[in-house]
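Subject: Structure handover

Dear colleague,

Please find the structure we discussed below. My notes on it follow.

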Amino acid sequence: MSVVICAYTVERWSQVCAAVSSVLQQDRPPEQVLLVIDHCAELERRSRETFAPDGVEVLANTGPAGLSGARNTGTSSAVGDVVAFLDDDAVALPGWLQAHAAQYSDPAVLGVGGRVTAHWVGRQPGWFPAEFGWVVGCSYVGQPTVIAPVRNPIGANMSFRRHVIERAGGFSAGLGRVGSSGEGCEETELAIRAAQLFRGGRIMHVPAAEVRHHVAPTRGTWSYFWRRCWAEGRSKARMSGMVDRLDALASERVYVRQVLTRSIGRNLAQALGGADTFALSRAGAITAGVVITSAGFAAGKVSGVRLAGAGGR
């Protein structure tokens with residue numbers, strides 16, 4: 001097991017320290033810990049001074065700026081059969097790495113994702129729907145609560161067999177977060193490509209492989225919510241142009257029909273009953289989230305068509 005943590009700014013220094021410490025303190029020690037710095041010289045210097053004495057390998061991202069390039073840099077230097085990824089603002093709980101490792105006794109397992117518990121700085125806003133935990137990079141209502149196969153893991157807490165990442169060509173540089181942008185879907189696209197390459201292979205969700213994800217107060221605002229939904233829609237549009245569209249959107253369609261529609265109805269019933277003063281706000285947020293994400297997807301598809309047309313000329 002090699003563990004890759006990607007970081008990009010000194011503003012998260014205390015969180016980076018906590019993330020690295022949580023990995024080094026695992027009951028099952030990793031073979032290797034790689035801290036990849038995404039084009040930030042000051043953070044790279046400070047990280048080498050602080051973490052090198054503990055055996056942490058500090059690397060500069062040799063690819064394009066962004067999370068995909070940083071993860072590919074870490075993977076290229078990994079020696080473990082399995083590469084686990086932890087966000088720089090997340091802390092691995094005890095037993096995290098062992099819970100990932102245990103799944104790989106099954107040769108059909110290509111990758112593993114775990115639970116990402118939101119650690120809100122301050123209070124979680126009452127209007128914020130638990131079904132949209134993915135907006136802040138965390139687990140959400142509708143995910144399995146037991147060990148079960150899933151299409152893709154959450155990027156803050158995932159692992160893949162190293163040869164699977166290599167055979168799939170790594171994370172796509174055309175997707176993923178750059179700095180504090182709201183882009184994403186790079187782990188989804190990789191998981192889909194891996195499943196297409198390794199027929200019969202599985203990605204497993206393991207709740208016991210848990211991390212605690214720092215959620216800053218700025219992420220609990222309506223403006224962040226709608227920007228993240230819009231960015232997710234655009235990311236999904238780009239992803240659907242890279243993999244089969246049915247694979248790209250199948251989980252989302254089922255989620256909207258089976259989870260979100262019920263959640264809206266439940267919150268409206270609670271609002272009418274007067275039992276929860278935020279219920280109506282949550283129903284509105286769910287509805288708005290679906291509409292904004294869909295609009296972002298449509299805008300992304302139109303933008304993609306225009307770019308393709310410009311390239312053709």
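Leaving aside neighbours within four places in sequence, Arg 71 is in contact with Cys 6, Phe 85, Asp 87, Gly 155, Ala 156, Met 158, Phe 171, Glu 186 and Glu 187. Please keep in mind that this is a predicted model.

Helix H3 and Arg 71

Arg 71 belongs to helix H3, which covers residues 67-77. With a relative accessible area of 2%, Arg 71 falls under the 20% cut-off and therefore counts as buried. The helix around Arg 71 is of a similar kind: eight of the eleven residues of H3 are buried, so H3 is largely enclosed by the rest of the structure. Besides Arg 71, the buried residues of H3 are Leu 67, Ser 68, Gly 69, Ala 70, Thr 73, Gly 74 and Thr 75. Two of the contacts of Arg 71 are with the acidic residues Glu 186 and Glu 187.

Aromatic pairs

The structure holds eleven aromatic pairs. In one of them, Phe 132 and Phe 225 have ring centres 5.4 Å apart and planes at 45°, so this pair is tilted. Phe 132 is in the loop between strand S6 (109-120) and strand S7 (148-150), while Phe 225 is in helix H7 (residues 222-240); with these positions 93 residues apart, the pair links distant parts of the chain. Phe 132 and Phe 225 are both buried, and the relative accessible area of Phe 225 is 0%.

Phe 225 also pairs with Trp 222. Their ring centres are 5.3 Å apart and their planes lie at 25°, so that pair is stacked. Here the two partners are three residues apart within helix H7, about one turn of the helix. An α-helix has 3.6 residues a turn, so residues three or four places apart point the same way. In exposure the two partners are not alike: Trp 222 is partly exposed at 41% relative accessible area, whereas Phe 225 is buried.

Both pairs are part of a wider arrangement, in which ring pairs link Trp 120, Trp 127, Phe 128, Phe 132, Trp 134, Trp 222 and Phe 225 into a cluster.

Trp 222 at the surface

Which residues join Trp 222 in a nonpolar patch on the surface? They are Trp 226 and Trp 230, and the three together have about 320 Å² of accessible area. Trp 222 thus appears both in this patch and in the ring cluster.

Charges over rings

Two arginines sit over aromatic rings. The charged end of Arg 46 is placed over the ring of Trp 13, 5.1 Å from its centre. Arg 167 lies over the face of Phe 198, also at 5.1 Å from the ring centre.

Salt bridges

How many salt bridges does a search of the whole structure find? The search gives 15.

Arg 46, already mentioned for its place over Trp 13, forms a salt bridge with Glu 42 at 3.6 Å, N to O. Arg 46 and Glu 42 are four residues apart in helix H2 (residues 41-51), and are therefore separated by about one helical turn. Both are partly exposed, Arg 46 with a relative accessible area of 26% and Glu 42 with 34%.

A second salt bridge in helix H2 joins Glu 44 and Arg 48, at 2.8 Å, N to O. Glu 44 and Arg 48 are likewise four residues apart, about one helical turn. Arg 48 is partly exposed, at 38% relative accessibility.

The salt bridge between Arg 266 and Glu 131 has its closest N and O atoms 3.1 Å apart. This pair links distant parts of the chain: Arg 266 is in helix H8 (residues 245-273) and Glu 131 in the loop between S6 and S7, 135 residues apart. Is each partner buried or exposed, going by relative accessible area? Arg 266 counts as partly exposed, at 40%, while Glu 131 is buried, at 4%.

Salt bridges that share partners also join Glu 42, Arg 45, Arg 46 and Glu 49 into one network. Arg 46 therefore has a place in that network as well as over the ring of Trp 13.

Regards

Key
Residues numbered from 1 in each chain as written. Predicted model: local features only at pLDDT ≥ 70, side-chain atom pairs only at ≥ 80, totals over all residues. Heavy atoms only, no water. Helix = DSSP H or I, 4+ residues; strand = E, 2+ residues; numbered from the N terminus. Buried < 20%, exposed > 50% of the residue type's maximum accessible area, 1.4 Å probe, protein only. Contact = heavy atoms within 4.5 Å. Phe/Tyr/Trp six-rings, centres within 6.5 Å; stacked < 30°, edge-to-face > 60°. Lys NZ or Arg CZ within 6 Å of the ring centre and 35° of its normal. Patch = residues over 30% accessible without salt bridge, like charges linked within 9 Å, V, L, I, M, F, W, Y side chains within 5 Å. Areas by Shrake-Rupley, 256 points an atom, 1.4 Å probe, with all protein chains shown as cover. Salt bridge = Lys/Arg side-chain N within 4 Å of Asp/Glu carboxyl O.
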